[in-house]
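Hi,

Here is the structure I promised to pass on. Have a look, and my notes on the aromatic rings and the overall shape follow below.

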Amino acid sequence: NLVEYNERLRSVTGYDDEELETMTPWEFFPESEREMIAEAVGTVIETEAPVHSLEAPFLTKSGETIPYEFSGAPYYHSDGTVAGFVGFGRDITDRTERDRELQENRERLRRLFDEAPDPMFVQDAEGKFTDVNEKAVEKLGYSREELLEMEAAAIDAAVERADVRELLSKVKSDGQMIKIDGRHQRADGSTYPVEVRASVLATDGEDRFLSHARDISERKQREEELERKQAFLEQTQEVAAVGGWEIDLRQDRLQWTEEVYNIHDLPTDTEVTVEDGIDYYHPDDRPALVD
């Protein structure tokens, strides 16, 4: 039976003294929680050891439930025998709301991690994978279980294990994201170029790093094609003694190819203006060029 209570119990539950004097403590909890509460109280009475941080919804007269954290201990008769149980409750609505928001944020981040269009990895300070997303499994051809037994150096043909540890140590000390080019190796032995971005991942006291690997095969192909065309153009200009130039009309700036400098016997670091370029043409042709 409820023997004694304070003003806070009245204000929280909405019951008056007359009602409270006829109630038992179990009536302040939903039926689904009463067995758990009774077992906890029974354990305290039997062992005479206090119970701490028992969380349960507290039921008000209106039927509203409030998240509460309870602790309790036995109290004694003058002869030292257990007289009953005293319980203390604390409203944890704010904390529960924060916990709920935190959980929602974690779930949201988990979805973003799993559904990211590029492979993503969580690593420890040694470079060992502690988590990977679905795209990493799909792109590399390993199972999730296999990847979680591996480390970064095992899938990157361009770096050594010591290099990975050094890079992660730099990320931690600088506190900034780093970007490196690597070459990931699939389970079948084939490789592809990647741009990897790594940053420190906030955790509870453990060193963890988040890596994001983007396949840059198309970009590398474009760069190689551009280099090939540039080399071809330079060879063609050299063989044919043909140069090219370009004028930026907005900035009134002239740019020559290397062969134009050679044609005019000028060092390639010579600064030339639009007017200088026009002066190399025959005086009779300059007006037409300007127009």
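First, the term I lean on: rings of Phe, Tyr and Trp (its six-membered ring) pair if their centres lie within 6.5 Å, and planes under 30 degrees apart count as stacked, over 60 as edge-to-face and the rest as tilted. On that basis there are eight aromatic pairs in the structure.

One of them joins phenylalanine 28 and phenylalanine 58, a tilted pair with 5.6 Å centre to centre and 40° between the planes. Phenylalanine 28 is in the loop between α2 (17–20) and α3 (31–47) while phenylalanine 58 is in strand β1 (residues 51–59), so this pair ties together parts 30 residues apart in sequence. (Helices are DSSP runs of H or I with at least four residues, strands are runs of E with at least two, numbered from the N terminus.) Phenylalanine 28 is buried at 3% relative accessibility, and phenylalanine 58 is buried at 6%; buried means under 20% relative accessible area, with a 1.4 Å probe and protein chains only.

Phenylalanine 121 and phenylalanine 129 make a stacked pair, 4.9 Å centre to centre with 25° between the planes. Both of these are buried too.

Tyr15, Phe28, Phe29, Phe58, Tyr68 and Phe70 form one aromatic cluster.

As for the whole protein, it has twelve helices and ten strands, and its C-alpha trace spans about 120 × 50 × 30 Å along the principal axes.

Some housekeeping: this is a predicted model, where local features need pLDDT of at least 70 and side-chain atom pairs count only at pLDDT 80 or more, while totals for chains, interfaces and linings use all residues. Residues are numbered from 1 along each chain as its sequence is written, and side-chain values use heavy atoms, leaving out hydrogens and water.

Cheers

Definitions and conventions
Buried < 20%, exposed > 50% of the residue type's maximum accessible area, 1.4 Å probe, protein only.
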